[in-house]
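Work through the exercises below with the sequence and the structure open beside you. Each exercise sets a task and is followed by a solution in steps.

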Amino acid sequence: MLTLQELAELVGGHVQGDASVSIVRLSPIDSAQPGDITFVANPKYMAKIKDCQASAIIIAPGVDAPGVNLLVCRNPYLAFAKILTHLQGGAKPAAGVRPGAHVSASAEIDPGATLYPGCFVGERVKVGAGTVIHSGVVLYDDVSVGCDCLLHAQSVVREGCRLGDRVILQPASVIGSDGFGFAPDGAAYYKIPQVGIVVLEDDVEIGACSCIDRAALGKTLIRRGTKLDNLVQIGHNAEIGEDCIIVSQVGVSGSTKIGRHCTLAGQVGVAGHIKIGDNVTIGAKSGVVGNVDSDQTLSGLPLMPHKQWLKSTMTLPKLPEMRKELVKLSKRIQELEALVKEK
Amino acid sequence: MLTLQELAELVGGHVQGDASVSIVRLSPIDSAQPGDITFVANPKYMAKIKDCQASAIIIAPGVDAPGVNLLVCRNPYLAFAKILTHLQGGAKPAAGVRPGAHVSASAEIDPGATLYPGCFVGERVKVGAGTVIHSGVVLYDDVSVGCDCLLHAQSVVREGCRLGDRVILQPASVIGSDGFGFAPDGAAYYKIPQVGIVVLEDDVEIGACSCIDRAALGKTLIRRGTKLDNLVQIGHNAEIGEDCIIVSQVGVSGSTKIGRHCTLAGQVGVAGHIKIGDNVTIGAKSGVVGNVDSDQTLSGLPLMPHKQWLKSTMTLPKLPEMRKELVKLSKRIQELEALVKEK
Amino acid sequence: MLTLQELAELVGGHVQGDASVSIVRLSPIDSAQPGDITFVANPKYMAKIKDCQASAIIIAPGVDAPGVNLLVCRNPYLAFAKILTHLQGGAKPAAGVRPGAHVSASAEIDPGATLYPGCFVGERVKVGAGTVIHSGVVLYDDVSVGCDCLLHAQSVVREGCRLGDRVILQPASVIGSDGFGFAPDGAAYYKIPQVGIVVLEDDVEIGACSCIDRAALGKTLIRRGTKLDNLVQIGHNAEIGEDCIIVSQVGVSGSTKIGRHCTLAGQVGVAGHIKIGDNVTIGAKSGVVGNVDSDQTLSGLPLMPHKQWLKSTMTLPKLPEMRKELVKLSKRIQELEALVKEK
């Protein structure tokens, strides 16, 4: 519980109204009760303000609402996220290695880390302060995990991979599985050992059942602040820039480099050995088969500007009709040709 | 082992022929031996009846086959499933918490539940009678699991999520991973805590490596009887109605509502914040980007009636030819125009 | 560390230059140092040979490079893979069942196998010599695992499934999850018990978070030498031939048979109950809905020869323009028709 004034200071905003009111939790605008704070990020919900039961509303500057307590700030959605983290983000479990955790003798576990029963920590592993390792997590030999990381149940980090600070692994995510590399040997395939690693920089989050393959040689790299959704595949030796958003069921093939602040929407596929620039957005289900320059929003297979793709797809249901029309036009021309020749 | 008469009573059918014959197991019609029961759901296999070695055949009404023992019922495929369950569905393991299971002190485990070594059960978790929890399952704090559930190895249920009765989690399924929500903070992303839960109602089944994200606020809900295949993604705050079939590798984005008795075929993608009605079938690999009314079978991206989609796709290989034809027609018209002007 | 002569014998090649030079590790050509061996598989990198610091270069026959030590062999890429395995493939952990492994009394574990803490082995399971079972692996009752297999953390093999020799399961792969089979019972679905198994023959590799469903009756079969990437789905009763390559996020539906030496590229979907011949390659994101004869390279939905598909997709961005052109042509014809009639 905090006062509205304290919350305003937390998010760098200011109060219009009663700054001393106590706030217990954050709720959606339709169900908010006294003691709650809610938020209006979208102007179309402004009309709901006057019926709202909440004790305060997070809002952008420029609204006049007498009798309503407002927390005014430039980015209400970000303020909402920060306040929710503060009020309901949950407490960390008590630090320490619990009975039933399997920790190798040579591992270096910071006393401020929490290890649940049933996790496994290999030889020479390092785990930083404030990191929480849930039951079923497996860290192979020589892994290093930074501070304040959260490794959910069943996540796996294979040998030698390195995680920065504040990295989050959702359940059953796999870091450092073998890259998919084989040398043809007649009709059969000979496995190429994947002796590289994966590096996840600070503030990276990996979704549930997402897989980041280790490099053949060298490293697969996901840079600071990039967030992966569930069921994403990242191939060996790929490199994803800072602050990217990779939505569920995307596949990125090996050795591809993606710049910073890109968004790949759901079920996109990206071929191997290509380069995507910065600030690129790729629409859902698209296929990326060649290099992409920075600062574009593209969709489709092949990629085209998103608006053009929308028009192109709207044409698809008309294709059978267009085909018939072509036949008809050809016939009419033929008749005309005969007629003209005749005359 | 049961008599044919007992099986007929089990499935609500009746016997034509010798009701006292003993049945040991169910087999496909081509390999069935004496002691076996087999089934004919598809009329095209009727011809195989007379060569069949089985001791009995499950069949729909209206067949006359002297000298063959028939179990006649309205829904032979359902009868097949029920008889297979009865004869070969497997016995439940002995109840009890086995040594090596990690169970928190405040958890309430029904004595009729089975917990294998290496599972983990958090604080205040409730587990009902007849539920089986395999090795490697992790139940976070405050989870509740109903009766007669089957939680396979490595399935994870995160904090506060609730499972009804007879819920099945295939291996490595993840219930309650964080929804994929971030507030832009300049070029970076600030994580929005996902403080809601997931509710799986009675008789829900979740496939292997499928992920159901917890709600940001409130709940993600999968209603009674809905079945998810493997590698399916369900976003935060989504709601799936009763008796739906969601096939492998489908992705449903956040806050989308799907009605009852819908089928999404393999690799379908559904956008966020949309509504799909009841009894809707979406063909494989389709993309759903807007609301869909009830009682339709649609395919494609954009969606169109399935038959229209079939015609549309058949046109795709002809596109280069169509384009050439357009150029040709234009040229012929140009020639005609010149000719006509001349005359 | 080996001499170049010893490496040449290992891969069946011969040395041009100093055969006695010592080789410590394998490196990419750009970063190779003295003591390293590197390789040139692609003729376009030939020019780099003379500046290369490596102690030796693996290369195909026909190159003359005085003063450079060459390991000449017919398949340099395969030689690279074999040498990398030899020099840096990693040592096997010490054999034995470690404390904290949960092994049922009736299991038969070869003394040459390695079982890590936190794995679970059910009743009557057999594990062969040289097999390594990591922490968190769960083998249900009656599983059999051959020799020299590598089962990574969190991989699950359900009841009765059988793995040959040298099988590799990447982390969180699931072998033997229930097939997705239900009998309609009014609007609801009745689960059909999946009483068959999965068989993985020798030298099969299954990627992280890939799922192979057990058969309804009989078996799901993946034949010798076939490699699956991550997040792949194989339906119940499917059969995949020898030496196939199944790339990430592919889905193969139930009862489909795929021949030998096929390649399915990323995100391909294959319908159920169809047959694909031998030596078939299917391009990324394609949908396979009918039988496919041997020895073809196809793409698209519907499938067409890959080159035709490339042309067809190049036409997609032009569709709106083509549609406008059709309208224009029709108008010009109409005008001509009027003009000709007039004359």
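**Exercise 1.** Find which rotation superposes chain B on chain A, and then treat chain C in like manner.

*Solution.* Step one: chain B is superposed on chain A by a rotation of 120° with 0.0 Å of shift along its axis, at an RMSD of 0.1 Å, where the fit is by least squares on the C-alpha atoms of residues with pLDDT of at least 70 in both copies. Step two: a turn of 120° and a shift of 0.0 Å along the axis lay chain C on chain A with an RMSD of 0.1 Å, and that is the relation of a three-fold axis.

The model is predicted, so local features need pLDDT of at least 70 and side-chain atom pairs pLDDT 80 or more, whereas totals for chains, interfaces and linings use all residues. Residues are numbered from 1 along each chain as its sequence is written, while chains are lettered from A and ligands numbered from 1 in the order in which they are written.

**Exercise 2.** Describe the side of chain B that touches chain A.

*Solution.* Step one: 51 residues of chain B are in contact with 53 residues of chain A (C-beta atoms, placed from the backbone, within 7 Å). Step two: α4(B) gives the most to this side of chain B, with 8 residues.

**Exercise 3.** State how far apart the centres of domain 2 and domain 3 of chain A lie.

*Solution.* Taken over C-alpha atoms, the centres are separated by 50 Å.

How values were computed:
Contact = placed C-beta atoms within 7 Å. Helix = DSSP H or I, 4+ residues; strand = E, 2+ residues; numbered from the N terminus. Nonpolar A, V, L, I, M, F, W, Y, C, P; charged D, E, K, R; others polar. Domains from an automatic or database assignment.
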